[in-house]
Amino acid sequence: MSQAPRLHRSLFAIGVLLGLMAEQVVMFAVPLLIFQDTKEVSTLGFAFALEWLPGLIAYPFAGLMADRDGGARLFSMVTGTRAAVLGVVVAVCLMQPDWTTAALMTSGAVLSVLVAPTRMSVEKMVPQLADGERMARTQALVQNMELLAMALGPALAMLAAMLLGKVWLLAVAASVFAVAAACWLPLPRGERQPSPASAQATLMELGLGWKLLVSNRPVLLLAILNFAINLVFATVLSANAALVTGVFKAPDSSFALLNTCVGIIGLINLMIIPLLLKRFDVHFLGVFGFTLLCAAMLLIGVAGSFAFYGVLFVAALTGDAIYNVFNRTQRVKVIQKEHLGKVMGPFYLLNLLSYPIGGLLVGSVGASFGPQRLVAVLAALLSLFGAVFLPLTMRSFRRSLTAPEGGPVGVQA
């Protein structure tokens, strides 16, 4: 590998890491600020749903933007905008403390919209930076940057909270977003596609993305499976602050420590996954990761202490990270590069539709039924569903990748 691609890959990884770290700081500060301001689990659930709903609508449009732009330019522009939004929120919270919860919920919706083009930019850049055997390693790198951010983000948040206070954490996150945007400025821009001349042409492109997704059987099956997995995770994540500081009576520092432990496991994965990829194929990693996350989620439903819950939370996210090596690697192989954004926009929408649903479940059913019992029921259903659906999805990918024509199946424009 020449020096320039190596530098580009490093800047790509650093930009992804810093952007995710800033997200982790926000994810640490916002739920705690809302819960401490309202003392209600239901508010957390509804805030979680509100945060995700606008972003879902944005994903198909973000996919088109990434296809037209090439990825790098879009990432820098949007990540810089996220920094500006947080700057405004800090000003509002400091000048009008009574508006804190409303400002945080509103900014959560705005930031959710901006997450979509960020994710699509990363999806678009990976095939530009790696191909062949390096594709799986680069996808694993992205996954491990997510886990590493879960270590460094909460650690940064905890330190800043002790020195500055929770509101100023958002200013720290804004600064990190700004640096992340700068990291992607030197990356190759890719070929820009002309924008459609009319709204009708844009709608036709959006329709093409859905058509390509529906006709691509393995990717469609994977989207449905991911929806089921994310629904269980959404219930845990939306109630996480309340479980840690409310149900288990642990201090705020424990909330940060929990995510830090996940990140430390991410560091271990960063070293181990390349070795695992040499010994095992991605299908084995998919099965192992899925099994681990299901077992951990089932046990979270009966956890009686913060220590037990913490171990299971780390195990569940570790299983998800291992599963995602299969998830991220296989889907790119069966989608033509020029249509990647068009297909991945609807794909992400289906995947992440479970997040607002999970938040609404916690906000409604979870308050009376109990979030732990809700997680246990959903995890049991996921285990039964995955036992049938995961082998079906893997078989569909094998058939697609070994098709006689040797090309992606069901992705012809």
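Three exercises with worked solutions follow, based on a predicted model.

**Exercise 1. Describe the packing of helices H11 and H12, and state which residues make the contact.**

Step 1. Two packed helices are described by the angle between their axes and by the distance between those axes.
Step 2. For H11 (residues 306-333) and H12 (residues 340-352), the axes come within 12 Å and cross at roughly 145 degrees.
Step 3. The crossing in which H11 passes H12 is right-handed.
Step 4. H11 contributes Asn327, Arg328 and Arg331 to the contact, while H12 contributes Met344, Phe347 and Tyr348.
Step 5. Sorted by class, the residues of this contact are 3 nonpolar, 1 polar and 2 charged.

**Exercise 2. Find the residues of the nonpolar surface patch, and state which element gives the most to it.**

Step 1. A residue enters a patch with over 30% relative accessible area and no salt bridge.
Step 2. The patch is made by Leu94, Met95, Leu159, Met162, Leu163, Leu164 and Trp168, and covers about 820 Å².
Step 3. Helix H3 (72-95) and helix H5 (133-164) are the elements that give two or more residues; Met95 is a residue of H3.
Step 4. H5 gives the most, with 4 residues.

**Exercise 3. Count the salt bridges, and state what the pair Arg82 and Glu23 ties together.**

Step 1. The cut-off is a side-chain nitrogen of Lys or Arg within 4 Å of a carboxyl oxygen of Asp or Glu.
Step 2. With this rule there are 3 salt bridges.
Step 3. In one salt bridge, the side chains of Arg82 and Glu23 meet at 2.7 Å, N to O.
Step 4. Arg82 belongs to helix H3 and Glu23 to helix H1 (residues 3-38), so the pair ties together parts 59 residues apart in sequence.

Technical notes:
Residues are numbered from 1 along each chain as its sequence is written. This is a predicted model: local features need pLDDT of at least 70, side-chain atom pairs count only at pLDDT 80 or more; totals for chains, interfaces and linings use all residues. Side-chain values use heavy atoms; hydrogens and water are left out. Axes are lines fitted to C-alpha atoms, for helices over the stretch in contact, and angles run from 0 to 180 degrees between N-to-C directions. A crossing is left-handed if the near helix is turned anticlockwise from the far one by less than a right angle, and right-handed if clockwise. Contact means heavy atoms within 4.5 Å. Ala, Val, Leu, Ile, Met, Phe, Trp, Tyr, Cys and Pro count as nonpolar, Asp, Glu, Lys and Arg as charged, and the others, Gly among them, as polar. Patches are made of residues with over 30% relative accessible area and no salt bridge: like charges are joined within 9 Å, nonpolar side chains (Val, Leu, Ile, Met, Phe, Trp, Tyr) within 5 Å. Accessible areas come from the Shrake-Rupley method with a 1.4 Å probe; for residues, only the protein chains shown count as cover.
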